[in-house]
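Colleague: Please take me through the terms used for this model, one at a time.

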Amino acid sequence: MKRLVQTLKEGLWWQNVVFAQMLALCPAMAVTTSGTNGLGMGLATTAVLITSNVLVASIRSLVSPQVRIPIFVVLIATLVTLVDLGLNAWLHDLYKVLGLFIALIVVNCAILGRAEAYASKNGVAASAADGLAMGLGFTAALTLIGLIRELLGNGTLFAQASLLLGPTFRAIELTVIPGYGGFLLMILPPGGFLVLGLLLAGKRAFELRARAEKGAVVPASALT
Amino acid sequence: MKLAIAALRDRLAYQGISLGVIALLASAALAFAVSATQERIVAAEARDLQASLAQVLPERFADNDLLADTLEIGNGDGTSKRVYLARRQGEVAAAIFQTSARGYAGDVLVLVGIDRTGMLLGARVLKHNETPGLGDKIDLAKSPWILSFNGLSLATLPAAQWAVKKDGGVFDQMAGATITPRAVVKAVKEGLDFFAAHRAEILRGGRTP
């Protein structure tokens, strides 16, 4: 249990895919034009990440180190295609919302990264937990970036969430600033980089301050 | 067993064979998945098409199966357009077809329904890659803008007025996006022109005169 909590902490904060490892920035910038899109991409990625980690961990003793990368790539690509076909056939309405994101998951380097750095060296259960933690961290990061860009760019929060999560979630669709003219820059790619940069700076500053309070030696210049 | 595999893992043949086996398993899984899902996907897509066709027609407008009743009409450049015919008691009452124009990012695909007098019953954007939050207001899910076309025809609105307000026409443009609504207006106008040019052929409904 304690280990699971530790894994979750790593995934959500210390080893966060976007904010610490700086991986998967392409999907992170491309789909975070709204909180809903970020959430959708994050959840789809989490599902693939857990499955790929479990698969890689379960065949890890059979795979030669020399050919592990192509094997993992084929596994992940197959998995994503299966998810894509399955969603399209059985959950067609959800697919119409998520469809665009699913294919993008193949090129998400975070998935291959976790397969290589964690799942190929650890057991099945630990790898599943790692996939869950990393996926949740990714989801949180994408949703946060999406919400900030959406709020500044359109004045709304979670617009069209009911398309993704079902009509019961219509209540979380908020128009924070009625009659807002919109701030185009935030919706376009530069807005993604601006928000990511500011969030990264904020996370760094917070960590440095926390370390200084604990009495660790932090150069004074880093705190200003 | 573990040791045996560990020793084998460094052999070139083992590596080649393991890659081959993985590729084979992956292809088998994909082939199986495609054959298991194909039927449902085709059915779901037909349902989607049916639903979008129904959107540009008033309720209970037609009494035939639109998906089965189509006409291929040449554009004059080797390509052809598929026209779905809505019939009432065998007579063609309306035609539905796709039309497109270049938007800000790629083609904007518009579905139009036109009744036998040449009046627009409805238009819907089927596919676009316009800027989210700006150009995507052409989508009915985001804004009712596209409904402003309902009931218009080439007879009631002169050709020069088929433009956004900025260009001297009657259609609203969107804050921050002019190219996108301009493309939709152009696509719808071209759809009406296409109908006017092929009116006799469409109303004949595929029957030889």
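Modeller: What follows is a short set of questions and answers on the terms.

Modeller: This is a predicted model, in which local features need pLDDT of at least 70, side-chain atom pairs count only at pLDDT 80 or more, and totals for chains, interfaces and linings use all residues. Residues are numbered from 1 along each chain as its sequence is written, while chains are lettered from A and ligands numbered from 1 in the order in which they are written.

Colleague: Why is Leu91(A) called partly exposed?

Modeller: A residue is buried if 20 or more other C-beta atoms, placed from the backbone, lie within 10 Å of its own, exposed if 12 or fewer, and partly exposed in between. Leu91(A) has 13 C-beta neighbours inside 10 Å, so Leu91(A) counts as partly exposed. Leu91(A) sits in the loop between α4 and α5 (92–105) of chain A.

Colleague: Which residues of α2(B) are buried?

Modeller: They are Gln15(B), Ser18(B) and Ile22(B). Their cover includes α4 (68–90) of chain A.

Colleague: What makes α2 of chain B a helix, and what span is expected of it?

Modeller: Helices are DSSP runs (H or I, at least four residues), numbered from the N terminus. Helix α2 of chain B, residues 12–55, has 44 residues. The expected span is 1.5 Å times one less than the number of residues. For α2 of chain B that is 64 Å, and the helix reaches 60 Å from first C-alpha to last, close to that value.

Colleague: Where is the kink in α2(B) centred?

Modeller: The kink, about 45°, is centred on Thr37(B). The bend at a residue is the angle between axes fitted to the seven residues ending there and the seven starting there.

How values were computed:
Helix = DSSP H or I, 4+ residues; strand = E, 2+ residues; numbered from the N terminus. Contact = placed C-beta atoms within 7 Å.
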